Amino acid sequence: LLLQLNEIPVEKLDDFLRAALVDKHELGSSDDITPFSKHVGRSTDEKEASAAYEIGINAIKHGEVAALVLAGGQGTRLGFPGPKGMYDIGLPSGRTLFQLVGERILKLRQLASGTDGEL
């Protein structure tokens, strides 16, 4: 994963974002980055949603997916001495946002591997 992250040309990310947000005709002759051709989001079409789910689960199963949780800043305005993701938001379980995200990721791994137990 670190090798893959090191291959990302971070110096070009701003250019990639700008290119994705402008009309293709404004890009000139560069075809490196093109806007999405359709609305991106959840599909209401059951067949399309099922196909997308299978593609995602297979990608997870084959180790082609990574998760990165960006947690900007400390919780100083909350009066909390740690990252905001560790702040007690008052859930009956006492779980933090970081724990909830981690549990969802583990559940997806379990679904992808076809197991109900730990991997």
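The following conversation goes through a predicted model of one protein.

User: What does the fold consist of, in helices and strands?

Analyst: The predicted model has four helices and zero strands. Along the sequence, the pattern reads α-α-α-α.

User: How many residues are there, and what share of them counts as buried?

Analyst: The protein has 119 residues, and 8% of them count as buried.

User: And what about contacts between residues far apart in sequence, say 24 or more positions?

Analyst: Taking the contacts with a separation of 6 or more, 24% are between residues 24 or more positions apart.

User: Let us turn to Thr96. Where is it found?

Analyst: Thr96 is in the loop that runs between α3 (46–61) and α4 (97–113).

User: Is Thr96 buried or exposed?

Analyst: Thr96 counts as buried, because its relative accessibility is 12% and the cut-off for buried is under 20%.

User: What does the Thr96 side chain reach?

Analyst: The side chain of Thr96 reaches the backbone nitrogen of Gln99, at 3.1 Å. Leaving aside residues up to four places away in sequence, Thr96 also touches Gly85 and Met86.

User: Which loop holds Pro83?

Analyst: Pro83 lies in the loop between α3 and α4. With a relative accessible area of 31%, Pro83 is partly exposed.

User: What separates the C-alpha atoms of Pro83 and Ala71?

Analyst: The separation of these C-alpha atoms is 7.3 Å, and Pro83 and Ala71 are 12 residues apart along the chain.

User: Changing topic: how many salt bridges does the structure hold?

Analyst: The structure holds one salt bridge. In it, the side chains of Glu103 and Arg95 meet at 2.9 Å, N to O.

User: How accessible are the partners, Glu103 and Arg95?

Analyst: Glu103 is partly exposed, at 30% relative accessible area. Arg95 is also partly exposed, with a value of 29%.

User: Now the second largest pocket. What is its volume?

Analyst: The volume of the second largest pocket is about 160 Å³.

User: Which residues line the second largest pocket?

Analyst: The lining is made up of Ile60, Val65, Ala66, Ala67, Ile105, Leu108 and Arg109.

User: Which element gives the most to that lining?

Analyst: The largest contribution to the lining of the second largest pocket is from α4, with three residues.

User: And how do the lining residues divide into nonpolar, polar and charged?

Analyst: Six residues of the lining are nonpolar, one is charged and no residue is polar. The charged residue is Arg109.

Conventions:
Residues numbered from 1 in each chain as written. Predicted model: local features only at pLDDT ≥ 70, side-chain atom pairs only at ≥ 80, totals over all residues. Heavy atoms only, no water. Helix = DSSP H or I, 4+ residues; strand = E, 2+ residues; numbered from the N terminus. Buried < 20%, exposed > 50% of the residue type's maximum accessible area, 1.4 Å probe, protein only. Polar contact = N/O pair within 3.5 Å; in protein donor to acceptor, adjacent residues only side chain to side chain. Contact = heavy atoms within 4.5 Å. Salt bridge = Lys/Arg side-chain N within 4 Å of Asp/Glu carboxyl O. 1 Å grid on protein atoms, 1.4 Å probe; cavity = no way out; pocket = protein on both sides within 12 Å on 5 of 7 lines; lining within 4 Å. Points joined across faces, edges and corners; volume = space filled by probe spheres on them.
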